[in-house]
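Welcome! Let's look at a structure together and work through a few questions, one step at a time.

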Amino acid sequence: MSGVRVLVGTRKGAFVLSSDGKRERWEVSGPHFAGWEIYHLKGSPADPNRLYASQTSGWFGQIIQRSDDGGKTWTQPGTPPGERTTPEGMPKAESNKFVYDTSAETGKPLTTHQFYDGTQHPWEFKRVWHLEPSLGDPDTVYAGVEDAALFRSKDGGKSWQELSGLRGHGTGPQWQPGAGGMCLHTVVLDPTNPQRIFVAISAAGAFRSDDAGKTWQPINRGLKSQYIPDPTAEVGHCVHRIAMHRAKPGVLFMQKHWDVMRSDNAGELWQEVSGNLPSDFGFVIDVHANEPETIYVVPIKSDSEHFVPDGKLRVYRSRTGGNEWEALTKGLPQRDCYVNVLRDAMAVDSLDKCGVYFGTTGGQVYASADAGDNWSPIVRDLPAVLSVEVQTLP
Amino acid sequence: MIRVVLPPHLKGLAHVSGEVQVDVTGPATQRSVVDALEAKYPMLRGTIRDHVTQQRRPFLRFFACEEDLSHESPDAPLPDDVVSGKEPLLIVGAIAGG
């Protein structure tokens, strides 16, 4: 019987929630990496036992962890516990080392971006926000980092190289940090075209590569952001999240700082589909696994009040690819609720009745085994949830 | 032989409990001790000092013999009692946050 594994990153560790295909009874494993911030963990589509985790700390920096047994055990790639360095004195791996590429060979070494005070500021690595394993190779994984850049490992996370064409394509000096820092938080891979990669950056916007990450272009036409001097500028938009259905890779859905958007031409042009949402501010957006025009968001009251409107936790579903939205409330608190749902904290499984999952800053992870009609908490009292990913197991 | 006390999170990463001990060739300094720590426990590379600048991470402190050595030169000799193994070098996570 098929099963589901929910990977939860929190402010104080990672948790793995497991169930069979009925999704009624859950086993909870964790905390893994107790006390550390786990910004994101995700499994390889090519090998479900291969998981990657971003373990980070304001004190100790960035750690990359890998599991080859579905989250039972973890190691820093290439550095088994207690093993010494090579005879030459070099570490066995540099899995924690993220160094911006400033080499002349890459053409446009770029060292500054716009800072809060309008001055140019050097890029400084802080943490990995998002790990996106390759669709076909378990050893290849992308990392979206703060300060915004895209890195790739081709050796299972042992070493990382920047895809510097993104920072170097020309608009980098105009990027600036949002309230959460200047982070590359979304990486979407096209399942039909291995050359095509989408990324999103706060606050710069969305970008696309059609040559496997070598060169990039901004794809922000149609976005309007009143919080930047030119609301329709080429870059500067605070994109919170992008989602795609694997059967329609040219259709993208976006939760922007304000506004829910869609594009039917791989980001060439966006149109607003916020429709009747009670607020079009939010962080998450995701697509039903089996219905490419069914999408989910969780409206948040505003950018100054990062909690749900009216004290009610409501997922909104559109079965028309946007504009017409219905509130999904069964099993969710409808009074005195003031949580947030962060950008990486919603995911879907691919079972016949699509499961939808999200985590809150209040430490709850909610699940629906019927595409959002009914909800129940898997866990209620975890640390604040930063990310939720789901694996559908054979 | 230099005794080093790591903060709990780094003990977890290095899979050790209690104090660790490292051998240093040449003068015992903050730099040579951290070099030896990273050689023995490569998973700690980048956690005590930045990968690129090699500077101490701002929220980590070096204490020994009831003194804060954090602002000493990384190449300054460590106190005699640390060099002799009588006292440990404490690597401490600054108290901040939740």
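Q: Which residue in strand 19 of chain A does A:M254 stand opposite?
A: Keep in mind that this is a predicted model. Strand 18 (residues 248-256) of chain A is joined to strand 19 (residues 260-263) by 4 bridges, and the two run antiparallel. Opposite A:M254, in strand 19 of chain A, stands A:M261.

Q: Which are the edge strands of the open sheet 17-18-19-20 in chain A?
A: In this sheet, 4 strands follow the order 17-18-19-20, with antiparallel pairing. An edge strand here pairs on one side only, and that describes strand 17 (239-245) and strand 20 (271-272) of chain A.

Q: Is A:D139 buried, exposed or partly exposed?
A: A:D139 sits in the loop between strand 9 (127-133) and strand 10 (141-146) of chain A. A residue counts as buried with 20 or more other C-beta atoms within 10 Å, and as exposed with 12 or fewer. A:D139 has 18 such atoms within 10 Å, so A:D139 is partly exposed.

Q: How many Å separate the C-alpha atoms of A:D139 and A:K154?
A: Leaving out residues up to four places away in sequence, A:D139 touches A:K154, A:D155 and A:G156. A:D139 and A:K154 are 15 residues apart along the chain, yet their C-alpha atoms are separated by 5.5 Å.

Q: What is the bridge partner of B:V4 in strand 5 of chain B?
A: B:V4 is on the covered face of strand 1 (residues 2-5) of chain B, along with B:I2. Strand 1 of chain B pairs with strand 5 (residues 89-93) in the parallel sense over 2 bridges. In strand 5 of chain B, the bridge partner of B:V4 is B:L89.

Note on methods
Residues are numbered from 1 along each chain as its sequence is written. Chains are lettered from A and ligands numbered from 1 in the order in which they are written. This is a predicted model: local features need pLDDT of at least 70, side-chain atom pairs count only at pLDDT 80 or more; totals for chains, interfaces and linings use all residues. Two residues are in contact if their C-beta atoms, placed from the backbone, lie within 7 Å. Two strands pair if DSSP finds at least two bridges between them.
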